Amino acid sequence: MPIPKKSQLVGLDIGSHTIKLAEIDDNKRGLFLKNFGVIRLPQDAIVEGSIKEMEIVSTAIKNLFRNLKIKNRNVTTSISGYSVIVKKISIGKREESELETTIQDEAEQYIPFDINDVNLDYEILTDLGGAVSDKEEGEEESKGLMDVMLVAAKKDIVEDYVSLLHLTGLTPAVLDVDAFALQNSFEISAEDISGCFAIVNVGAEELGINAIKDGVSIFTRDSSYGGYQINEAIMSKFEVSYEDAEKIKLGGTKIDKGKEDLEEIFTSVVSGWVNEIKRALDFLATTYPDETIEKIFVSGGSCRIPGFLKLLELETDSQVEELNPFANLQINEKIFDPRYLSYMAPQACVAVGLALRSIGDK
Ligand SMILES: Nc1ncnc2c1ncn2[C@@H]1O[C@H](COP(=O)(O)OP(=O)(O)OP(=O)(O)O)[C@@H](O)[C@H]1O
Ligand SMILES: [Mg+2]
């Protein structure tokens, strides 16, 4: 169903390295890319998901809206990593009316934060068999267990993001989670979503893993790996600033001496990422012995570090592919340079996934 124009939202991915914005026009003729843009943040404006420099981040978002001439003020943004726990839990089947209190009680054991410090949300996923339930929420189920996706977001972080958007003159219509936004992008881009897939997002300060079975997330994990590790290694090896390290990393500054050192840095950091992903997949294999991951989709700016995809493929024995959120969007090439979009594709996955949300979504 196309999203009515007035319900369409601007997707805003507020990352620690860059802010990404996407706008999608969802109409009868398909999904049209309406806007896409990126703006860099200074280092340390956002650290470990928390906004340290409100004014700086707010100004960056305002500039992005101005540069792209965006009129819509209703946005959807997301949090991840340190500030949110996404967990699938199984509880005894019960009616919707009882669910709220049960979830509150049950949640305490799964959440490493004080329960009073989080906003809790949940979604009923499945019945006992693990297949997606076709019953509406609240319909009485037979005896047994039911799967519920628990989402616990730290209140202070949520409040920070809401304040940031208000300060910027925007209305936060939906607050999402990176993992779910990525899943949206995957769903519009992949040819067939039946089966088991993993989506890996390697950003600047976070590495997120989301495993999906038949369109339902069954496992998520975030760890504090990312592109910053390479910058830090370059900084100490070559005695340069963070910004110079960034240029060396992306190949903009050529280094004559030390090429091997750089390759060594790439290899060692990338191995750490691959091991982390392998650990998650091994855990998944013990929890779901009957499932095999059909393919790993990678996203996030740091998935382009030389050698990462190859090593991941080799070590996991899985097919690995970059997630391209633009693949099935209608794109006017007079407005958007296809080479730019294809360069930005992995970084755009969260923003595009967010832009697919509409007012009224949870
Ligand atoms: N072509 C590239 N090759 C390697 N690394 C890249 C490339 N382009 C961007 N990066 C790196 O990717 C990271 C930015 O990716 P991304 O935009 O996904 O992160 P973010 O969303 O801002 O951060 P996070 O989600 O971790 O808070 C930076 O570390 C940047 O140096
Ligand atoms: Mg990110």
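Ligand 1 in this predicted model is surrounded by 20 residues, and the closest of them are Gly15, His17, Gly203, Gly227 and Gly301. Sorted by class, the shell around ligand 1 holds 11 polar residues, five charged residues and four nonpolar ones, with glycine counted among the polar residues.

The protein that holds this ligand has nine helices and 15 strands. Its radius of gyration is 21 Å, close to the 21 Å that the globule rule gives for 362 residues, so the protein is as compact as a globular protein of that length. Along the principal axes, the C-alpha trace spans about 70 × 45 × 40 Å.

Two sheets can be followed through the chain, and it helps to take them in turn. Strands of a sheet pair through backbone hydrogen bonds, either parallel or antiparallel. One open sheet consists of five strands in the order S3-S2-S1-S6-S10, and its pairing is mixed. Strand S3 (30-40) and strand S10 (171-177) form its edges, each pairing on one side only, and neighbouring strands of this sheet are turned by 25° against each other on average, direction ignored. Within this sheet, strand S2 (residues 18-27) runs antiparallel to S3 and is joined to S3 by 10 bridges; one pair to look for is Asp25, whose bridge partner in S3 is Phe32.

Two helices lie across this sheet. Helix H4 (residues 178-189) lies across S3, strand S6 (74-79) and S10, and runs at about 85° to S10. Helix H9 (residues 338-355) lies across strand S1 (10-14), S2, S3, S6 and S10, and its direction makes an angle of about 55° with S2.

These helices also meet each other. Two packed helices are described by the angle between their axes and the distance between the axes. For H4 and H9 the packing angle is about 80° and the axes are 7 Å apart; an angle of 65 to 115 degrees counts as roughly perpendicular, and H4 and H9 are therefore roughly perpendicular to each other. On the H4 side the contact is made by Asp178, Ala181, Leu182, Gln183, Asn184 and Ser185, and on the H9 side by Cys349, Val350, Val352, Gly353 and Leu354. By class, this contact of H4 with H9 comprises six nonpolar, four polar and one charged residues.

The other sheet is likewise described by its strand order. Five strands form this open sheet in the order S13-S12-S11-S14-S15, with mixed pairing. S13 and strand S15 (319-322) are the edge strands, each of which pairs on one side only, and the twist averages 20° from one strand to the next.

Strand S11 (residues 196-202) pairs with S12 in the antiparallel sense over seven bridges, and the bridge partner of Asn201 in S12 is Gly208. On to the sheet edge, strand S12 (residues 207-213) is joined by seven bridges to strand S13 (residues 216-223), and these two strands run antiparallel; here Ile212 stands opposite Ser217 in S13. The hairpin of S12 and S13 has two residues between the strands, and in this hairpin Asp214 takes a positive phi near 45°.

This sheet, too, has a helix lying across several of its strands: helix H7 (residues 259-287) lies across S11, S12, S13 and strand S14 (293-299), running at about 30° to S12.

Terms used
Residues numbered from 1 in each chain as written. Chains lettered and ligands numbered in written order. Predicted model: local features only at pLDDT ≥ 70, side-chain atom pairs only at ≥ 80, totals over all residues. Near = placed C-beta within 6 Å. Pairing = 2+ DSSP bridges. Helix = DSSP H or I, 4+ residues; strand = E, 2+ residues; numbered from the N terminus. Axes fitted to C-alpha atoms, helices over the stretch in contact; angles between N-to-C directions. Contact = placed C-beta atoms within 7 Å. Parallel < 35°, antiparallel > 145°, perpendicular 65-115°, else oblique. Rg over C-alpha atoms; globule rule 2.2 N^0.38 Å.
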